[in-house]
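Okay, thanks everyone, I'll keep this short. Let me put the structure up and then walk you through two spots.

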Amino acid sequence: MNDKKDRILGLIPVDWRYDLTSLPYVRRMFKSRWMPFLPIVLNLFVFTVILMAGLTGGVSAGNYNFGIMFVWIVWWVLLMMVMVPVFSRIWCMVCPLPAFAEWMQRGSFLGVRKKLIGLNKKWPKPLKNMWLMNFLFLATTYTTGFITTRPLATFILLMSIIVGSIVLSMIYERRNFCVYGCPVSGFQGLYSNLAMTEIRAKDPEVCKNHKLRECVIGNEKGYACPWMQTPFSMKRNTYCGMCLECFKTCKYDNMVFNLRAPGTDLLVDEKRGLDEAWKAFIMLGISVFFFLIMQGPYGILKDWANANTIEGYLSFVGIHSVFNLLLLPGIFLVFAYASQVLGRKDVPLKKVFINFSYTLVPLGLMAWIAFSFGILFPNSSYVLHVISDPFAWGWDLLGTAKFPWTPFMTGVMPYFQIGTLLLGLALSLDIGFKISKQTFQNREEAVRGYYPIAVFLTAATMFLIWLFTG
Amino acid sequence: MKKDKLLMGILVFIMLAGLPLMLAQSEEPKEYVIPIEAKQFSYTPNIIEVNKGDRVTIRFISTDVHHGLYIDGYELETNARPGQDGSITFVADETGKFAMRCSVTCGSFHPYMIGYLKVKPDYRLFGSIWLALGILIGSVILVSRRQKP
């Protein structure tokens, strides 16, 4: 029922696109095999320093450690506040962690080889979804008390990702680890549906007439899509790792990098599923728990997350899991049921539940941005210290090693958080009604079915505002 | 249509019902001396509540290692070692919730050692809750409008 006249927040038409690759140097850059190789190598240098700092830092206080500060302040804040909302999965494009795996699998840094090294098995069909990533990410958050505070824990986490990607790349074809196994891949995939950019085929007719599908099978210019997508028909950002191989393999220059209205992928009524719905719940729930642990006043929660006692730690894991996996979806189910009752009873409840779960994406991402303000503003001055003395060896490379802890704009931070959450609410409500129109058969049903979801979203926003600032 | 109007009426009523809370006059300013105890990685009490205009003296006590106390918004700071207390005195003239952060590296969880100062009435919270309700009402009105044929 959505049509091309629909606008996001009444401002930007859903079908509006600006082809950034129409700028010749952008297209040249995307077609070059040096892209994204060069940024990956540069990033690899930074992550090598992070790993060394993590290893040498041991269990010392993390606020004066390069690894902790760069991963959990610089990277995290950039990821949630800029990369995902604006540039989709651009982090996956430049991520150095699976680079070793990919280079080993290809037996080459830059060249294109026909045969990949390893067993090249297909990924098991039951795992071709987000469930594994949901549980892996949730499991990673069980260690939040360690990985965000102890350099050695961050080192172990990053090394696990590197080793995991290498092992899986030797067993399974292409980048299955990134698509289905990386703990941070799932939420980037879901939240990149809100992003303001996308990689798509420009003219579907060109692809229709090109029977060879070189973006899927590869050619001498580039590899078959490492993320196992069909770039010629891609409609959502979810599983596109922006590796740019399709720009290289397409003989017709029919792949484009578009600027677009945020959230348009959330309106694509295809491939929606419970795995992505639960990802939305888990992410929203974790933002609440992370706030309580890292920015809340409750010492007992910090003690639990810090595993001061085994009972406390198990309580944290238990409550955290039940809240994210059962309680939050359970509350949402009540509102989805109300929506079904008010809208149209013969629309399956599962469909109503899944479709509306995507309304949590804008609010969830904005909750993470609001949370990230609370990390960035008070703690960013530590970064000045660690770039001058990355290994705590008494260096002063840039003359900032003695820079004192200086909170930055913390007095006005709540206004940034409130503004961000209200923007999230507005976007969620806007997307919510458009999804309601897709879910129910006519406008009247859609309006009625929308009310309970709108109430849920508003209540969730008010709760988050109270939690963060009240 | 009647249902829509009823729903909007309820929402407007909820918003208006909050007005007295926001317009409520605070009591006469008082003077408080509040001891805050710091221990890795929390403050006791972890939340202190005062009214706008109150004169507040925080006596800052550490029971284990060197800790600090920095108040967001007020940009005031003190620190304490076991046996060496710190102190801050200020007039709570800014309303809202303000984080009190440890300003001296005190261990692994140091950046997350946080308490809160709440100065009532919290106009910012009321205002933002109203804005959220306003967005909901605006959205309901927009979607309830009959589409032009």
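So, look at where α2(A) meets α5(A): on the α2(A) side you have A:Phe37, A:Ile40, A:Val41 and A:Leu44, and across from them, in α5(A), sit A:Ala99, A:Phe100 and A:Trp103. Keep in mind that this is a predicted model. If you sort that contact by class, you get seven nonpolar residues, with no polar and no charged ones.

How do the two helices lie? People describe a packed pair by the angle between the axes and how far apart the axes are. Here α2, residues 37-57 of chain A, packs against α5, residues 99-106 of chain A, at about 130 degrees, and their axes are 11 Å apart. An angle over 145 would count as roughly antiparallel, and 65 to 115 as roughly perpendicular, so α2(A) and α5(A) come out oblique to each other.

Now the other spot, chain A against chain B. Contact involves 49 residues of chain A and 42 residues of chain B. The buried area is about 3800 Å², and carbon and sulfur atoms give 64% of that.

How many salt bridges are there between chain A and chain B? Zero. What the rule does find across that interface is 11 residue pairs in polar contact.

On the chain A side, the elements giving two or more residues are α14, α15, α18, α20 and α21. The largest share comes from α21(A), with 14 residues. And by class, that side of chain A has 31 nonpolar, 14 polar and four charged residues.

That's it from me.

Definitions and conventions
Residues are numbered from 1 along each chain as its sequence is written. Chains are lettered from A and ligands numbered from 1 in the order in which they are written. This is a predicted model: local features need pLDDT of at least 70, side-chain atom pairs count only at pLDDT 80 or more; totals for chains, interfaces and linings use all residues. Side-chain values use heavy atoms; hydrogens and water are left out. Contact means heavy atoms within 4.5 Å. Buried area is the accessible area (1.4 Å probe) that two parts lose on being put together, summed over both. A salt bridge is a side-chain nitrogen of Lys or Arg within 4 Å of a carboxyl oxygen of Asp or Glu. A polar contact is a pair of N or O atoms within 3.5 Å; within protein, one must be able to donate a hydrogen and the other to accept it, and residues adjacent in sequence count only if both atoms are side-chain atoms. Helices (H or I, at least four residues) and strands (E, at least two) are DSSP runs, numbered from the N terminus. Ala, Val, Leu, Ile, Met, Phe, Trp, Tyr, Cys and Pro count as nonpolar, Asp, Glu, Lys and Arg as charged, and the others, Gly among them, as polar. Axes are lines fitted to C-alpha atoms, for helices over the stretch in contact, and angles run from 0 to 180 degrees between N-to-C directions. Angles under 35 degrees count as roughly parallel, over 145 as roughly antiparallel, 65 to 115 as roughly perpendicular and the rest as oblique.
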